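Good morning, and thank you for coming. I should like to walk through one structure, beginning with a detail of a hairpin and ending with salt bridges.

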Number of protein chains: 2
Amino acid sequence: MEQPLSTDPYKGVRDFYPAEWAQLQGIFTKIRQTLVAWGYEEYNASPLERAELYEAKTSEEIVREQTYTFTDRGDRRVTLRPEMTPTLARMVAAKSRELPLPLRWFSIGNRFRYERPQKGRLREFYQVDVDLIGLAEGEADIEILRIASAIMRECGVPENAFRIRLNSRALLTTACRVAGLAEDRMREYLRLLDKKAKMTPESFSEAQRALSQTDPLVLIESAEETSDIGIEKAKVLALIETLKAHGVGNVVFDTSVTRGFDYYTGIVFEVFDTSSENPRAMFGGGRYDNLSSLFGSDSLPAVGFGIGEVTFSDFLETHGLLPNTRSSSADVYLGTPTQKDIPLAQDFADTLRAEGIRVFVNLTSRTLGDQIKDAVKRGIPFFVAYGSQEQAGGEVRVKTLSSEEESLVPVAALSKHLRP
Amino acid sequence: MEQPLSTDPYKGVRDFYPAEWAQLQGIFTKIRQTLVAWGYEEYNASPLERAELYEAKTSEEIVREQTYTFTDRGDRRVTLRPEMTPTLARMVAAKSRELPLPLRWFSIGNRFRYERPQKGRLREFYQVDVDLIGLAEGEADIEILRIASAIMRECGVPENAFRIRLNSRALLTTACRVAGLAEDRMREYLRLLDKKAKMTPESFSEAQRALSQTDPLVLIESAEETSDIGIEKAKVLALIETLKAHGVGNVVFDTSVTRGFDYYTGIVFEVFDTSSENPRAMFGGGRYDNLSSLFGSDSLPAVGFGIGEVTFSDFLETHGLLPNTRSSSADVYLGTPTQKDIPLAQDFADTLRAEGIRVFVNLTSRTLGDQIKDAVKRGIPFFVAYGSQEQAGGEVRVKTLSSEEESLVPVAALSKHLRP
């Protein structure tokens, strides 16, 4: 006898049993509904990408270091996508002349990172990417922030449970330039800023002084309205006022928000959980106006964000907002008094299905009592026994499993009675 | 200036632009609706699997040879799943004590094969896997075949456009045993049988004689009812009669159907396109009662099938049955007379969205005429201009883009007018 195979999945990835998959899809359904209501279209691509796509200057170093990259049998270097934006830029660049701009696009799918598995960090996770491509800052930025807010509302999140922290890369780079930071120092500074919340004020100041004499954040704070920095700062503050006027009241200016990726050029933002036990960034995004130029096509302005499923589910769970889903979506469990009744029950089930009722038919030799227990275990709301007697009598007994109430219903009226 | 990056996807995989993704999802929606109507639950898993899962005797050799397998940085051998059944068996074995049997499960997702790309063969393709686990032959086999037929009906396929070719591995192995074929010769014989349709009768006979003196197919044809072969044959014929009695009239007995995978133990079937220009197997499946025993758990009987998206889409296209989908699912294009009207239009759009209308708002400086052209290009059915004038007047002009008809509608009645 050979050694049995392990039933474990590959390290750091998950199996989605029906209840878990239904829950994840329940969240995505709400997000998808919001996006479709705003006229967004879903796209997708293979997780297999040419490795060079990530070797370009699109991604944070750490992402490039954490890719699954291997060589195929044709000596091509292949990467399992760690994020969607480079793929999106590639697809848009490939058809930039035929696609009607602006593009309102989203994608929901898995991404891969070769990380040490730990809470909230998996080697495969799902993400929703939302992008508005072909429009400069202004109305497009407003729409993207309104959509982030609309998704939260659709998921039942009250406005005081989260805050949108807004900043601007244009503002930061202007301040860095005025402070005299060269390109590479600027990038180091942004990385430092990203860690600011986790540092003491003293250690931040020390690290900042090692990079430049003047702190760009101080320049931002004290900027005069007519200066280059002041003009960029005023744009951010005006955006916050506009959003307030359109019902998004929880946006705050936060100069420490930078986002990891190098490709951002305009606004950057983070949606932040305000709960005191667990304050943290849940998801975010920003404007990136130069990405498609990597492919030699004209530069296309773009703004978007991505919602990682792990952090977002955790947030909804903490706030008791996970959507109610069950693994079986059947409306009724059709029991069979005897095994001989199964063909009759299947035919009857077919007439119900044609009327839009989802039917789970018993195919076992269990007693009716055990079939009812099975229906309860599966979370199916109604139980109906059907066999030759019911067929002859033209009536069935419908059991509501939550209340154990029973009612006699004519066969012809059953689908109306069961309709969810 | 650096060399621009190529916009091509990785070799043998596809980019799904919104129109293509909508079409694929349109097909999956019909299949999903059918499965949910039969009480089936959706599951999923990561495409990353431990390589040993495919090195077990679950798969046809050719599948094992065509996997994407690589070694991760922790020296684990990883395979991108070429098929779903080994993953399903692993997941079920892992929780065999807690899952309520029978399981009616399905999964829709991508699979990977390292093949030379050619028509109908891609390195990444989507597949629907449907399985009924925990029940022996009989009602379970009937249900699976009825579902295959129900999916075709839901997709609008007339019964004469396809045929279900049914056979039995139990019948074939019994006949092989009586013909005196040992285990390895039997496997060779099944492989030969799989190719029978593409061979001349002479070359098939010659190859068959090289394996055994007696042709198992001749034994099946001439079997007496009470013999071992006759009993297995009678089961297949009885199943065909039962299906006929339940509205599935296009099932035929075909002793040459074997299916590729080694793990089948009972019925095997193929859904076959009957069109004269392009007769071919579209999808198929069968009973596999021993797969979970690889994991050291009790053997669980199972029956199922898989629908590959590429062949199935081709079939629907040939028959003019691809579902009508469009990339934009917006119900209305909200045009703006001037750019200043955009914030007003977005607020108005929000009230429509709250009433279930999907709204695409213009954010560009285009003229209304160009906005109408844009709406037509995107396939959005209605166009409504909205600005300060409409806000003040309380009425909008709704343009039906297919007919160019126009009607004046009070703002409060618009969502009712647009509802799809």
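Which residue takes a positive phi in the hairpin of β5(A) and β6(A)? A:Asp75 does, with a phi near 65 degrees, and the hairpin has 5 residues between its strands.

A word on conventions. This is a predicted model, in which local features need pLDDT of at least 70, side-chain atom pairs count only at pLDDT 80 or more, and totals for chains, interfaces and linings use all residues. Residues are numbered from 1 along each chain as its sequence is written, chains are lettered from A and ligands numbered from 1 in the order in which they are written, and side-chain values use heavy atoms, with hydrogens and water left out.

To return to the hairpin: strand β5 (residues 68–71) and strand β6 (residues 77–80) of chain A pair in the antiparallel sense over 4 bridges. Helices (H or I, at least four residues) and strands (E, at least two) are DSSP runs, numbered from the N terminus, and two strands pair if DSSP finds at least two bridges between them. A:Tyr68 stands opposite A:Leu80 in β6(A). Along β5(A) the side chains alternate: A:Tyr68 and A:Phe70 point to one face and are buried, whereas A:Thr69 and A:Thr71 point to the other and are not. Buried means under 20% relative accessible area, exposed over 50%, and partly exposed in between (1.4 Å probe, protein chains only).

Now the interface. Chain A and chain B each bring 94 residues to the contact, where contact means heavy atoms within 4.5 Å. The area buried between the two chains is about 8200 Å², with carbon and sulfur atoms giving 56%; this is the accessible area (1.4 Å probe) that two parts lose on being put together, summed over both. A:Leu5, A:Tyr10 and A:Tyr17 supply 9% of the area that chain A buries against chain B, more than any other three residues.

Strands also meet across this interface. Strand β3 (residues 44–45) of chain A pairs with strand β1 (residues 15–16) of chain B in the antiparallel sense, over 2 bridges. There, the bridge partner of A:Ala45 is B:Asp15.

How many salt bridges cross the interface of chain A and chain B? The rule finds 8, while the structure holds 52 over all chains. A salt bridge here is a side-chain nitrogen of Lys or Arg within 4 Å of a carboxyl oxygen of Asp or Glu. One of them joins B:Asp347 to A:Arg146, with the closest N and O atoms 2.9 Å apart. Helix α12 (residues 342–354) of chain A gives the most to the side of chain A that touches chain B, with 6 residues.

Within chain B, the side chains of B:Arg287 and B:Asp141 meet in a salt bridge of 2.7 Å, N to O. B:Arg287 lies in strand β12 (residues 280–287) and B:Asp141 in helix α5 (residues 139–154), so the pair ties together parts that are 146 residues apart in sequence. Both partners count as buried: B:Arg287 at 1% relative accessibility and B:Asp141 at 3%.

B:Arg358 and B:Asp331 form another salt bridge, their closest N and O atoms being 2.7 Å apart. Here B:Arg358 is partly exposed at 25%, whereas B:Asp331 is buried at 3%. Finally, salt bridges that share partners join A:Arg146, B:Asp347, B:Asp350 and B:Arg353 into one network.
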